[in-house]
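Here is a walk through one model, from its sheet to its cores and rings. Have the structure open while you read.

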Amino acid sequence: MKVLMEGSHAIAEAALQAGCRFYAGYPITPSTEILEYMSHRMPQVGGVCMNAESEIEAINMVWGAAGCGVRAMIASTGQGISLMQESLAEMANAELPCVVVNMMRGQGDYFQATRGGGHGDYRHIVVAPHTVQEAVDLVGLAFHLADTWRNPVDVLGDFLLGHTSEAVEFHPRDERDLPPKTWAATGARGRRAQNVTPLGSPEKLNLNPGAHHQEIAAKLPRIAAVEKRCETGLLDDAEVAVVAFGSPARFVKYAVRICRERGMKVGWVRPISLWPFPDVALAEAASRTRALAVFEQNAGQMIDDVRLAVLGQVPVVPIGGISHDGSGFGVGPALEPAAIVARITAVYEGKAAA
């Protein structure tokens, strides 16, 4: 059954239906609606929602819940997540699963999500939905991936996604393949107490941080090998492919259809996982086109990953940019379909510089 929901509320409900039973957050636009929804829905399912006094306090509450084996989530925007970076790095180093939702103001947090601002050789798995339904599906997947890999997972949304209402369905996920959380700090209960730290388990490694961090580093290529996700369209005869992620990709797909109606052979590539980045799909697109145009609402962040993926096969041309209205939340003139069509046309006609 479909139900009409605002994006932020749908994300929160998807987390609850995925078994999230602890949420901590601090009000900050455009993620506040997630906290508000959790505040009245979480108690109804027997969980706990905490309106913390700061983002730092909130992420450390999530650390505690995740360390006890509880499915836990936090949401904020880039400024708030900047304050959480030490704890987010330590959670990855402690191999604690959690879900972090970033409702961005534009798309200026790509580097933050895919590179991280913390310490050590950690990575977060990062997924970027472009519709409310996909956000619902990816939130459920995020909890599954977090438990599968014992790693934080970021869901990158934005102001548009959070404030768009769509009819959505919630689908239960078969999770019988998940490993038991034997590592969780749940008290002794007839056995030795567990010790969840970013330095490793004393029982497993005799508290050898170097060996522990080597194990985490060895896990990352395994994640990258199987968790790349991407969507493509109209590439069979495309001469130019437009690369975009998140909410702006909806505008790009519409603009590409307009270009097609005007006789231009244009396709699109939409990375869904931003880490691991779908480099093989981008390389394949480059092998059949003469240029890639990258649309993103920032000064050029994902374009670095696109260039690394194609390794000079074709020109990679930026056609996005920083674009805000007076609110600074990323709803700017660059999203006008006519503006996107004009920029694609310039690449198609060879008038835009790489």
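What follows covers a sheet and its helices, a shorter strand pairing, the nonpolar cores and a few ring contacts. Keep in mind that this is a predicted model.

**The five-stranded sheet**

Let's start with the open sheet: five strands with mixed pairing, in the order β9-β11-β10-β13-β14. At its edges sit β9 (230-233) and β14 (316-318), each of which pairs on one side only. Going from one strand to the next, the twist averages 20 degrees.

Inside the sheet, β10 (residues 240-243) and β13 (residues 291-294) run parallel and are joined by four bridges. If you want a residue to click on, take Val 240, whose bridge partner in β13 is Ala 291.

Helix α11 (residues 248-261) packs on this sheet and touches β9, β10 and β11 (266-271). The direction of α11 makes about 165 degrees with that of β11. Then there's helix α13 (residues 302-310), which lies across β10, β11, β13 and β14. Relative to β14, helix α13 runs at about 170 degrees.

**Strand β2 and its partner**

Now over to β2 (residues 22-25), which is joined to β3 (residues 48-51) by four bridges, the two strands running parallel. Phe 22 stands opposite Val 48 in β3. Are the two faces of β2 covered or open? Both are covered: Phe 22 and Ala 24 are buried on one side, and Tyr 23 and Gly 25 are buried on the other.

Tyr 23 also turns up among the residues that Ile 34 touches, which brings us to the cores.

**Two nonpolar cores**

The largest nonpolar core has 70 residues, and Ile 34, Met 38 and Met 73 have the most contacts inside it. The biggest giver to this core is helix α7 (residues 132-149), with 11 residues.

What does Ile 34 touch, leaving out residues up to four places away in sequence? The list is Ser 8, Ile 11, Ala 12, Tyr 23, Met 73, Ala 75, Val 101 and Met 103. So Met 73 appears in that list, and Met 73 is also one of the residues with the most contacts in the core.

There's a second, separate core of 24 residues, which includes Ala 244, Met 264, Ile 344 and Val 347.

**Rings**

The count of aromatic pairs comes to two. Here they are next to each other:

| Pair | Centre to centre | Angle between planes | Type |
|---|---|---|---|
| Tyr 110 and Phe 245 | 5.5 Å | 55 degrees | tilted |
| Phe 159 and Phe 329 | 5.3 Å | 20 degrees | stacked |

The tilted pair links distant parts of the chain, with Tyr 110 in helix α6 (residues 110-115) and Phe 245 in the loop between β10 and α11, 135 residues apart. Tyr 110 is buried because its relative accessible area is 0%. Phe 245 is buried too, with a value of 0%.

The Phe 159 and Phe 329 rings count as stacked because their planes are at 20 degrees, under the 30 degrees cut-off. This pair links distant parts of the chain as well: Phe 159 is in helix α8 (residues 159-162) and Phe 329 is in the loop between β14 and α14 (337-348), 170 residues apart.

Why does Phe 159 count as partly exposed? Because its relative accessibility is 22%, and buried means under 20%. Phe 329, at 18%, is buried.

One last ring to look at is that of Tyr 348: the charged end of Arg 290 sits over it, 4.8 Å from the ring centre.

Note on methods: Residues are numbered from 1 along each chain as its sequence is written. This is a predicted model: local features need pLDDT of at least 70, side-chain atom pairs count only at pLDDT 80 or more; totals for chains, interfaces and linings use all residues. Side-chain values use heavy atoms; hydrogens and water are left out. Two strands pair if DSSP finds at least two bridges between them. Axes are lines fitted to C-alpha atoms, for helices over the stretch in contact, and angles run from 0 to 180 degrees between N-to-C directions. Contact means heavy atoms within 4.5 Å. A nonpolar core is a set of buried Ala, Val, Leu, Ile, Met, Phe, Trp, Tyr and Cys residues joined through side-chain atoms within 4.5 Å. Buried means under 20% relative accessible area, exposed over 50%, partly exposed in between (1.4 Å probe, protein chains only). Rings of Phe, Tyr and Trp (its six-membered ring) pair if their centres lie within 6.5 Å; planes under 30 degrees apart count as stacked, over 60 as edge-to-face and the rest as tilted. A charge sits over a ring if NZ of Lys or CZ of Arg is within 6 Å of the ring centre and within 35 degrees of the ring normal.
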